[in-house]
Amino acid sequence: MSSRKQSRITNIWSKVIKDGSGNICTKVVVEATSAFEYRVSRRGNDVILKAAGVAANMPEGTIEVNDGLVRKVSLIQTSAGEAVFEIHPEHPCEYRVEAAEGIPFRTAIILNWAFLIKMFKGKKLVIDPGHGGDDWGGKGPVSLIEKNVVLLIARAVEDLFGQVGIQTVATRAADENISADSRFELAKNEKADLFIGIHTYSDNNSKVGGAAVRYKPSCKDSLLVAGMIKEELIQKLKVADRGLKESRELAVPGEIPGVEVEVVTITNWVEEGLLRSPTIHKKAAEGIFNGVRKYFANIGGH
Ligand SMILES: [Zn+2]
């Protein structure tokens with residue numbers, strides 16, 4: 001080890017960025033008190049950065065990222081003066097490392113989303129904010145109305161898919177009456193890859209809470225994507241798992257898979273509160289995005 005003063009690792013964070021060439025990337029940043037030496041290697045998709053002359057001024061462990069490309073980042077202090085950062089992407093990706101002088105000293109690992117962008121190319125989704133107009137849907141104990149809140153969540157979903165080049169078409173963009181038949185009909189007319197209805201659950205018991213996903217029974221991919229969305233949604237929102245159910249509204253023929261996501265339970269006091277937060281709308285959208293991403297990766301090129 002050099003005689004240089006030991007660098008202290010003070011923070012690790014990540015965010016999704018567009019780089020100078022307009023490519024979408026995950027940027028994982030390690031903040032430290034000064035520069036340190038490192039070696040980078042790969043193990044499958046994982047990117048492993050071994051740092052020397054460092055001590056962690058933060059707890060060892062795992063940071064859940066779940067941004068679409070990177071699942072998590074782990075920090076392990078292997079011995080006095082050595083630490084390992086393991087970045088776990090869920091898909092193949094290229095990466096580069098950039099260091100930036102300053103206080104704190106930042107070492108950034110930038111992972112490219114090119115694989116995902118290619119996978120998403122040409123995909124089209126129909127997003128259906130449930131209810132609307134005279135049909136209010138559920139109502140919370142402090143009078144939040146389902147038809148209004150699902151519209152906000154649907155917009156967050158459309159934003160997220162739009163950023164990665166997936167085309168979305170919404171069944172409604174305002175508070176309007178839409179016939180039940182015309183909702184899935186739009187997915188057929190648009191030749192969509194997937195229909196996603198956005199709802200909340202309602203229960204007479206205000207203690208009941210959680211998320212569930214209903215699926216279109218006539219198409220087996222519906223169950224597959226429903227399971228993936230539910231798993232990722234619960235991961236993001238940390239609410240109870242109410243399971244997967246067949247959708248009566250989506251009991252229509254056709255090859256296009258369809259789901260109805262009951263994001264949380266509007267009649268639950270706590271979850272109605274969650275539904276008032278734009279942060280939660282975004283998290284719900286991220287959960288839905290991650291489920292759909294996994295589904296597209298699972299079905300491969302067709
Ligand atoms: Zn509903």
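## A strand pair in domain 1

Threonine 62 stands opposite serine 74, a residue of strand 7. This pairing belongs to a predicted model. Strand 6, residues 61–64, and strand 7, residues 70–79, run antiparallel and are joined by 4 bridges. The two strands form a hairpin with 5 residues between them. In the turn of this hairpin, asparagine 66 has a positive phi of about 50°.

## Overall architecture

The protein has 302 residues, of which buried residues make up 40%. Its secondary structure consists of 6 helices and 16 strands. Taken along the principal axes, the C-alpha atoms fill a box of roughly 75 × 45 × 30 Å. Among contacts between residues at least 6 apart in sequence, 70% join residues that are at least 24 apart.

## Two domains and their contact

According to the domain assignment, domain 1 covers residues 7–115 and domain 2 covers residues 121–299. The centres of domain 1 and domain 2, taken over C-alpha atoms, are separated by 33 Å. Where the domains meet, 4 residues of domain 1 are in contact with 7 residues of domain 2. The side of domain 1 that touches domain 2 comprises 1 nonpolar residue, 3 polar residues and no charged residues.

## The nonpolar cores

The largest nonpolar core holds 47 residues. Within this core, the residues touching the most other members are Ile153, Val157, Ile196, Ile198, Ile229, Val261 and Ile288. Helix 2, residues 146–163, supplies the largest share of the core, with 8 residues. Another core lies apart from this one; it has 23 residues, including Ile9, Ala32, Ala83 and Phe85.

Valine 261 shows how distant parts of the sequence are brought into contact in the largest core. Beyond its neighbours within four places in sequence, valine 261 is in contact with Ile196, Gly197, Ile198, His199, Val213, Ile229, Leu233 and Ile288.

## Helix 4 and its surroundings

Helix 4 has 18 residues and reaches 26 Å from its first C-alpha to its last, close to the 26 Å expected at 1.5 Å a residue. Its buried residues are Ser222, Val225, Ala226, Met228, Ile229, Lys230, Glu232, Leu233 and Lys236. These buried residues pack against strand 13, strand 14 (211–215), strand 15, strand 16 (258–265) and helix 6.

Just after helix 4, lysine 238 takes a positive phi of about 55°. This lysine is found in the loop between helix 4 (220–237) and strand 15 (241–246). Lysine 238 counts as exposed because it has 9 C-beta neighbours inside 10 Å.

## Helix 3 and the loop that follows

Alanine 187 has its place in helix 3. This residue counts as buried because it has 27 C-beta neighbours inside 10 Å. Leaving aside neighbours within four places in sequence, alanine 187 is in contact with Val126, Ala192, Phe195, Ile256 and Gly258. Of these partners, isoleucine 256 is 69 residues from alanine 187 in sequence, while the distance in space is 7.6 Å, C-alpha to C-alpha.

Lysine 191 lies in the loop between helix 3 (180–189) and strand 13 (194–201). Its phi is near 50°, a positive value in a residue other than glycine. Lysine 191 is exposed because it has 9 other C-beta atoms within 10 Å.

## Helix 6 and a cis peptide bond

Helix 6, residues 278–299, has 22 residues. From its first C-alpha to its last, helix 6 reaches 32 Å, close to the 32 Å expected at 1.5 Å a residue. Just after this helix, glycine 300 takes a positive phi of about 70°.

A further backbone feature concerns proline 104, found in the loop between strand 9 (95–100) and strand 10 (105–112). The peptide bond leading from isoleucine 103 to proline 104 is cis, and its omega is near 0°.

Key
Residues are numbered from 1 along each chain as its sequence is written. This is a predicted model: local features need pLDDT of at least 70, side-chain atom pairs count only at pLDDT 80 or more; totals for chains, interfaces and linings use all residues. Domain bounds come from an automatic or database domain assignment. Two residues are in contact if their C-beta atoms, placed from the backbone, lie within 7 Å. Ala, Val, Leu, Ile, Met, Phe, Trp, Tyr, Cys and Pro count as nonpolar, Asp, Glu, Lys and Arg as charged, and the others, Gly among them, as polar. A nonpolar core is a set of buried Ala, Val, Leu, Ile, Met, Phe, Trp, Tyr and Cys residues joined through C-beta atoms within 7 Å. A residue is buried if 20 or more other C-beta atoms lie within 10 Å of its own, exposed if 12 or fewer, and partly exposed in between; C-beta atoms are placed from the backbone. The expected span of a helix is 1.5 Å times one less than its number of residues. Two strands pair if DSSP finds at least two bridges between them.
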